[in-house]
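Please load the coordinates in your viewer, show the backbone as a cartoon, and keep the selection tool at hand. The tour below moves from one selection to the next and says what is to be found at each stop.

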Amino acid sequence: MLEARHTMDAPTTTSADNGTSGGGGDWFTPRTKPTATPGNEPGTPDGRRPAVIRPVGRQTADPGTPADGTTAPPASPTDSASTGARDQERESPDDAIPVPGPIAAPSVPSSAGPAPTTLTPAPAPFSSTTAPPAEPRVPPQRPAPVSPPGPAAAAPATEASPDAVLVRRAMAEVTPVADKVTSYFYALLFVRHPDLRSLFPAAMDTQRDRLLRALLTAAEHIDNTDVLVDYLQNLGRGHRKYGTRAEHYPAVGECLIGALSKYAAGVWDEEMEAAWIRTYTTISQIMIDAAAADELRAPPWWYAEIVTHDLRTPDVAVVTVRPDQPYPFLAGQYTSLETPWWPRIWRHYSFASAPRSDGLLSFHVKAVPAGWVSNALVHRARPGDIVRLGPPAGSMTVDHTTDSGLLCLGGGTGIAPIKALIEDVAEHGERRTVEVFYGARTDHDLYDIDTMLRLQQSHPWLSVRAIIDQQAHQQLPDAVRAYGPWNEYDAYLSGPPGMIRSGVDALRDIGIPSERIRHDSVEELVAAGS
Ligand SMILES: NC(=O)C1=CN([C@@H]2O[C@H](COP(=O)(O)OP(=O)(O)OC[C@H]3O[C@@H](n4cnc5c(N)ncnc54)[C@H](O)[C@@H]3O)[C@@H](O)[C@H]2O)C=CC1
């Protein structure tokens, strides 16, 4: 849904410092030069033995093979990246996906096992390929601290557990040097576990810290059980498309501990390490279990053929695809999408229609400067091209147990999920009032106004108002204040992060309680990384 958001993955806006550049300074230099002999006990850069983290649970299937045996879309000859999948995105601390089915309760091993590989004083953890420019980022839905999305984003537990206190103490220590921690973490991961490199995009500039940020965010919310579990289950499911397997989690955990112990050295001790091991074990176990449960009911990804490509403006296209197998989702949700031209680079887009009887899915894509995926989708993609889709995510869905009115704010291509919500209400045969404020910078940017007006004509309960923001004289949230009252409405916001933020403030100001305001995580939006 968003041009760029993500998932366990939180993006970073800084340029990559992979340890091979001068910018890394001495951070990648092991204090104790390790030996590279396979089988040796590994050591952290400072000579410490990394902790071992052992998630328990079923192993997810190897997603390397498409469920239907179809052939993966070929990479562009101009794209040096190898094929594969990983990332995301969105993790996002993604929104809770309304997925049914029991999820095994996480078990938390309390002890660490033997240490793994040896840190080789390797050269470049990853080569200095030209990184793809960042997709538009929103404030960031989801992760820099990843705040679980929407209404579910509850306040953190009032009384922190002892482990949470230790985890946060370490976080406070490393936050000022987050970039270094991120670079070091991935350097450790790829040097110690080169086999995992292929799960990540060739160029990780904009996405490299999503995984780490998602983990750290989750760790910070370890006491906030309900929100955290939803978030992590979503992450676990979403990571199936990257080829993530249960046995990868200990490797990630070891490198996480290795990076944290180095940069939080001032406060790090055995007690803190034990707290992180327990926390990470809990986190990984929930993700592993969610992935395993999801494996029983859904493929790790779907192939989808582009069937129509409608260029609405020079930079906005409505792209409709046909998935290779049924794709269940709810109106208001989004998915992650990978094009054949940028393997392993996933971006989030909302479904622009409620589920259709013909199974087709539509997305509204705006080509943004330096947006590799969005530009490919708008300017290069054509009917017949094959993309991949991750699982649906997001909790910005209609609550059909009430008959409250819906107040919808859609900014720019953020109108896509709003249109899906309207169709959803219509299909449920309800006569709920739906008031839509459709914001755009100029008349020309109201690329879907005809569709919205047609819907208004067909449904007497629907009202659509176009709000043109000429040089920021009247922004969308301000316009909403001029109408109302809205205190009996459920609110839905979709658009740029700034709009979401100011919109939420405005709606709270005019009396709509937070729990009735729905939107996707700003972190994810910002994570233009999926
Ligand atoms: N393509 C999709 O499926 C979806 C996209 N999005 C997000 O929607 C955004 C769409 O971008 P554009 O079309 O370029 O939108 P835009 O930048 O042209 O803005 C659209 C509307 O939002 C308002 N707005 C922008 N910044 C604001 C702020 N700080 N405060 C108050 N109002 C503000 C503008 O006044 C305008 O009315 C992207 O960030 C995208 O990630 C969100 C949901 C779905």
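Begin at Ala-370, which at 38% relative accessibility counts as partly exposed, since that value falls between the 20% and 50% limits used to separate buried from exposed residues. Keep in mind throughout that this is a predicted model. Ala-370 sits in the loop that runs between strand 5 (361-366) and helix 7 (372-380), and its phi is near 65°, a positive value in a residue other than glycine.

Next select Arg-344, another non-glycine residue with a positive phi, here near 70°. The loop that holds Arg-344 lies between strand 3 (334-338) and strand 4 (346-350). Is Arg-344 buried or exposed? At 2% relative accessibility, Arg-344 counts as buried.

Now widen the selection to residues 299-399, the range that UniProt, in an unreviewed entry, lists as "domain: FAD-binding FR-type". Over this range the chain is 9% helix and 40% strand, and the C-alpha atoms at its two ends are 27 Å apart.

Stay with the strands and colour them one by one, so that the sheet can be followed from edge to edge. The sheet is open and has 6 strands in the order 4-3-6-1-2-5, with antiparallel pairing. Strand 4 and strand 5 stand at the edges and have a single partner strand each, so one side of each is left without a neighbour in the sheet. From one strand to the next, the twist averages 40°.

For a detail of the pairing, select strand 1 (residues 302-313) together with strand 2 (residues 316-323), which pair in the antiparallel sense over 8 bridges. Within this pair, Glu-305 stands opposite Arg-322 of strand 2. Adding helix 7 to the view shows a helix that packs on the sheet, touching strand 1, strand 2, strand 3, strand 4, strand 5 and strand 6 (386-389), with a direction that makes about 115° with that of strand 5.

Then turn to the nonpolar interior and select Phe-185, Tyr-186, Leu-189, Leu-232, Leu-256 and Trp-276, which touch the most other members of the largest nonpolar core, a set of 50 residues. Two or more residues of this core come from each of helix 1 (162-174), helix 2 (178-192), helix 3 (210-220), helix 4 (225-238), helix 5 (248-263) and helix 6 (270-295). If you centre on Leu-189 and leave aside its neighbours within four places in sequence, the residues in contact with Leu-189 are Pro-194, Leu-196, Phe-200, Ala-251, Val-252 and Cys-255. Apart from this core lies another, of 25 residues, among them Ala-317, Ile-345, Val-365 and Val-373.

Helix 3 deserves a selection of its own: 9 of its 11 residues are buried, so helix 3 is largely enclosed by the rest of the structure. The buried residues of helix 3 include Arg-210, Leu-211, Thr-217 and Ala-219, and what covers the buried residues includes helix 1, helix 2, helix 4, helix 5, helix 6 and strand 4.

Two cysteines make a short stop, with Cys-255 counted as buried at 0% relative accessibility and Cys-408 counted as buried at 1%. The count of disulfides comes to 0.

Finish at Pro-485, in the loop between helix 10 (476-481) and strand 10 (489-494). The peptide bond that leads from Gly-484 to Pro-485 is cis, with omega near 5°.

How values were computed:
Residues numbered from 1 in each chain as written. Predicted model: local features only at pLDDT ≥ 70, side-chain atom pairs only at ≥ 80, totals over all residues. Heavy atoms only, no water. Helix = DSSP H or I, 4+ residues; strand = E, 2+ residues; numbered from the N terminus. Buried < 20%, exposed > 50% of the residue type's maximum accessible area, 1.4 Å probe, protein only. UniProt positions renumbered as here; feature names shortened; annotations may be inferred. Pairing = 2+ DSSP bridges. Axes fitted to C-alpha atoms, helices over the stretch in contact; angles between N-to-C directions. Contact = heavy atoms within 4.5 Å. Core = buried A, V, L, I, M, F, W, Y, C linked by side-chain atoms within 4.5 Å. Disulfide = S-S within 2.5 Å.
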